[in-house]
Amino acid sequence: MKKFFKKYEEIIIYIVFGVLATIVSWGSYAIFEKVFHLGVILSNTLSWTLAMVFAFFTNKLWVFKSKSFEKKLVLREFLTFASSRAVTGAIELLGVPLLEKAGLDRFVFTIVYALHLDKIGVLLTDGLYSKISLSIVIVILNYVFSKLIVFRKDKTERLDEKQDKSGS
């Protein structure tokens, strides 16, 4: 088990903090909407922003272990992180209705009816299966963008890590 965790540590930690970022997003949305009555659009915008900032710092520090807080580096990381999240956010905003119109949800609804699960109303929510499908793609894209662009390590950092792991 220890060997498995060590091998997939980065991905496991990424998923854990991704779940926590989702909780931040949903929880803050509920607070902004229900407590402060900010409306759906403003509440969603603020909750997305909070979750994105939370994800940036957790990804920086614990997932990709970018420990430098040199202003220029942090600014570059934050701007590329926010930009990449804006790109995947746009993919979701455009992709969910496209997949739904293409018939993905109707296809899954057929299965829901065949399994007699149509009494569970949430399972027949328009766009739900398109959103779930796209979410999987977006999580993967966010990870790839963060690993290869936002928190990329130069050659000397990678060599230092290899030497640390080999015990030299």
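## Exercises on two helices and two residues

**Exercise 1.** Find which residues Trp-48 touches, leaving aside residues up to four places away in sequence, and decide how far Trp-48 is exposed.

*Solution.* In this predicted model, Trp-48 touches Arg-85 and Ala-86 once residues up to four places away in sequence are not counted. The next step is to place the residue, and Trp-48 lies in helix H2, which covers residues 40-63. A distance can then be added, since the C-alpha atoms of Trp-48 and Gly-89 are separated by 9.6 Å, with the two residues 41 apart along the chain. Finally, the relative accessible area of Trp-48 is 39%, and because this value falls between the limits of 20% and 50%, Trp-48 is classed as partly exposed.

**Exercise 2.** Decide whether Glu-9 is buried or exposed, and identify the partner of its side chain in a polar contact.

*Solution.* Glu-9 belongs to helix H1, residues 2-35. Its relative accessibility is 17%, and because buried means under 20%, Glu-9 counts as buried. Its side chain makes a polar contact with the side chain of Lys-65, at 3.4 Å.

**Exercise 3.** Work out how H1 and H2 are oriented relative to each other, and describe their contact by residue class.

*Solution.* The axes of H1 and H2 come within 8 Å and cross at roughly 155°. Because angles over 145 degrees count as roughly antiparallel, the two helices are roughly antiparallel to each other. As to handedness, H1 passes H2 in a right-handed crossing. Sorted by class, the contact of H1 with H2 has 16 nonpolar, 7 polar and 2 charged residues.

Key. Residues numbered from 1 in each chain as written. Predicted model: local features only at pLDDT ≥ 70, side-chain atom pairs only at ≥ 80, totals over all residues. Heavy atoms only, no water. Helix = DSSP H or I, 4+ residues; strand = E, 2+ residues; numbered from the N terminus. Buried < 20%, exposed > 50% of the residue type's maximum accessible area, 1.4 Å probe, protein only. Polar contact = N/O pair within 3.5 Å; in protein donor to acceptor, adjacent residues only side chain to side chain. Contact = heavy atoms within 4.5 Å. Axes fitted to C-alpha atoms, helices over the stretch in contact; angles between N-to-C directions. Parallel < 35°, antiparallel > 145°, perpendicular 65-115°, else oblique. Left-handed = near helix turned anticlockwise from the far one by under 90°. Nonpolar A, V, L, I, M, F, W, Y, C, P; charged D, E, K, R; others polar.
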